[in-house]
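Hi everyone, thanks for coming along. Have a look at the sequence and the model on the screen, and then I'll walk you through some of the side-chain contacts.

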Amino acid sequence: MGGKLILQLSLLVVQLFLWQSCTHNSHRVTAENNKNEITAVSIYTVGGFTVTPSKGYTMKITRDSVYCLFSAIDTAQSTIKSYGNTEDKWNSLLDKIDLEKFIAAKEEESRQPYDGIDIKISITTKKGQYVKLNADDNPSWSRVYRQLEESFPPQSYGNKKLDK
């Protein structure tokens, strides 16, 4: 009878540890899901002179990668490239982002009807995606745009068409 009691107590202790472990992990997961952690920042440019091919590009930056799509009117001329990102560049970009102010930025209308270039910045978090078009007048949007242009200039990612 003593052996059965020890076995039952051991099982009870194991169940308590499992229960505590599960509830502890569920609280941690819930707390992590409530954070608005940025997982990607993207910039899209499209438009320009109608007489010459568009110099548009899309760039998506994550913690460890940079993805570039250089678009052209003739899709055969479009190129896709990807590169590794550094922790320093990623952190420098995140330091420039005030997500609340970025979300509150007022978008402007498209410039394409006037032969202009539209610039769209998108910030993806674990909670959702926030996209702003031509919000140049907002300091937060402008700060993110400048950081993207300084740290991730499209010319440095190998598309010679952008230099023309």
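Let me start with a word I'll use a lot: contact means heavy atoms within 4.5 Å. What you see is a predicted model, where local features need pLDDT of at least 70 and side-chain atom pairs count only at pLDDT 80 or more, while totals for chains, interfaces and linings use all residues. Residues are numbered from 1 along each chain as its sequence is written, and side-chain values use heavy atoms, with hydrogens and water left out.

So, serine 140. Not counting residues up to four places away in sequence, serine 140 touches Asp98, Lys101 and Phe102. Serine 140 sits in helix α4; helices here are DSSP runs of H or I with at least four residues, strands are runs of E with at least two, and both are numbered from the N terminus. Is serine 140 buried or exposed? Buried, because its relative accessible area is 2%, and buried means under 20%, exposed over 50%, partly exposed in between, with a 1.4 Å probe and protein chains only. A polar atom of the serine 140 side chain lies 3.3 Å from the backbone oxygen of aspartate 98.

Staying in that helix, there is an aromatic pair. A search of the whole structure finds one such pair: tryptophan 141 and tyrosine 145, stacked at 5.6 Å centre to centre with 10° between the planes. For the cut-offs, rings of Phe, Tyr and Trp (its six-membered ring) pair if their centres lie within 6.5 Å, and planes under 30 degrees apart count as stacked, over 60 as edge-to-face and the rest as tilted. Both residues lie in α4 (residues 139-151), four residues apart, about one turn of the helix. Tryptophan 141 counts as buried at 1% relative accessibility, whereas tyrosine 145 counts as partly exposed at 24%.

Next, asparagine 134, in the loop between β6 (129-133) and α4. Asparagine 134 is buried, at 0% relative accessible area. What does its side chain reach? The backbone oxygen of glutamate 109, at 3.1 Å. The same residue's side chain makes a polar contact with the side chain of aspartate 118 at 2.9 Å. By polar contact I mean a pair of N or O atoms within 3.5 Å; within protein, one must be able to donate a hydrogen and the other to accept it, and residues adjacent in sequence count only if both atoms are side-chain atoms. For those of you who like torsions, phi of asparagine 134 is near 50°, a positive value in a residue other than glycine.

Now the charges. How many salt bridges does a search of the whole structure find? Four, where a salt bridge is a side-chain nitrogen of Lys or Arg within 4 Å of a carboxyl oxygen of Asp or Glu. One of them joins the side chains of aspartate 136 and arginine 111 at 2.4 Å, N to O. Aspartate 136 is in the loop between β6 and α4 and arginine 111 in the loop between α3 and β5, so the pair ties together parts that are 25 residues apart in sequence. Aspartate 136 counts as partly exposed at 32% relative accessibility, and arginine 111 is partly exposed too, with a relative accessible area of 28%.

That's my tour; over to you for the discussion.
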